[in-house]
Amino acid sequence: VMDALRTTGVPVPAMFGLERDPALLGAPFFVMERVEGRIPSDNPTYHADGWLKEAPPAEQASVWESGVDVLAAIHRCDPAALGIDFLDAPAPCTDTVQWQLDFWRRYFDWVAKSRSFPTLEAGWQWLVAHRPAASQERGLCWGDARIGNMIFRDGRCVAVLDWEMATLGPAAMDLGWFLLLDRHHHEATGMPRLVGLPSRAETIARWERGTGRRAQDVAYWEAFAAWRFAVILARIAAQLDHFELLPADSTFAQDNTASRLLATVMELPPPGASA
């Protein structure tokens, strides 16, 4: 994907080579350009500490707006013309909304196995009940769209990283993830949002100007992002448990910042109160 995007105006590191033979390092690997710059922190979040929090509001705004502009540039790309329409997606002329729901439901079932996740199950029922109309949109979706996956220099995005969740589908799904992850990083962690960052409405309007299209069903895709993120944290909890890094009585898989935010977004009982 990064190699295909090099001529599009989307800032990505230059790709130098791909080695498919695992004999050298124990796994296939690729080599890419090192891009100088700074990345907003996830832990602690950029609302709590780090260079972006310390930056003047004007620079905070510039970082955010540049990130939105790059997101719009990604969504202007034509996957077929770039030769990347091989990405994981349903066949042409099928419903990409339902495909995303089915994909992530399978992932949740794989994560949950026989364990109980009341908040996630209630969230799933909400998603099914509120799902938007069928769509055949097969746009390029970055998959993990957030400023924490961008490198910035002088308030401008100079590289987009982490393409392993790229797929084809409704572009607003990416926008919902972008908005939800920022909300998580301040609301779910109890931190005030950085004063320089443009609002949700301003962000959506800028994305619409950049893509030349209306943002369809953004609130739904934000809720979908909240559910996806809570499922991902449940998977991380399973990994931590496997390596005996969590106490035996830990409830982190069911009760964490993402699942609590999910309950808020969908107006569900908070984790622990829904059993």
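The following exercises, with worked solutions, concern a predicted model.

**Exercise 1.** Determine which residues have the most contacts inside the largest nonpolar core, and which helix gives the most to this core.

*Solution.* The largest nonpolar core comprises 77 residues. Within it, the residues with the most contacts are Val 10, Leu 120, Trp 163 and Trp 227. Helix 9, spanning residues 218-242, gives the most to this core, with 15 residues. Another core, of five residues, lies apart from it; Val 35, Val 158, Ala 159 and Leu 161 are among its members. As a general background, nonpolar side chains in soluble globular proteins tend to be buried together.

**Exercise 2.** List the residues that Trp 163 touches, not counting residues up to four places away in sequence.

*Solution.* With those positions set aside, Trp 163 touches Val 1, Met 2, Leu 5, Val 12, Ile 74, Leu 140 and Trp 142.

**Exercise 3.** Classify His 184 as buried or exposed, and describe its surroundings.

*Solution.* His 184 is located in helix 7, which covers residues 171-188. Its relative accessible area is 6%. Buried means under 20%, so His 184 is buried. Beyond its neighbours within four places in sequence, His 184 is in contact with Thr 189, Phe 229, Thr 257, Ala 258 and Leu 261. With one of these, Thr 257, the His 184 side chain makes a side-chain polar contact of 2.7 Å.

**Exercise 4.** Locate Met 32 and identify the surface patch to which it belongs.

*Solution.* Met 32 lies in strand 2, residues 29-32. Met 32 is partly exposed, because its relative accessible area is 34%. Together with Leu 18 and Phe 30, Met 32 forms a nonpolar surface patch with about 290 Å² of accessible area in total.

How values were computed. Residues numbered from 1 in each chain as written. Predicted model: local features only at pLDDT ≥ 70, side-chain atom pairs only at ≥ 80, totals over all residues. Heavy atoms only, no water. Patch = residues over 30% accessible without salt bridge, like charges linked within 9 Å, V, L, I, M, F, W, Y side chains within 5 Å. Areas by Shrake-Rupley, 256 points an atom, 1.4 Å probe, with all protein chains shown as cover. Salt bridge = Lys/Arg side-chain N within 4 Å of Asp/Glu carboxyl O. Helix = DSSP H or I, 4+ residues; strand = E, 2+ residues; numbered from the N terminus. Buried < 20%, exposed > 50% of the residue type's maximum accessible area, 1.4 Å probe, protein only. Polar contact = N/O pair within 3.5 Å; in protein donor to acceptor, adjacent residues only side chain to side chain. Contact = heavy atoms within 4.5 Å. Core = buried A, V, L, I, M, F, W, Y, C linked by side-chain atoms within 4.5 Å.
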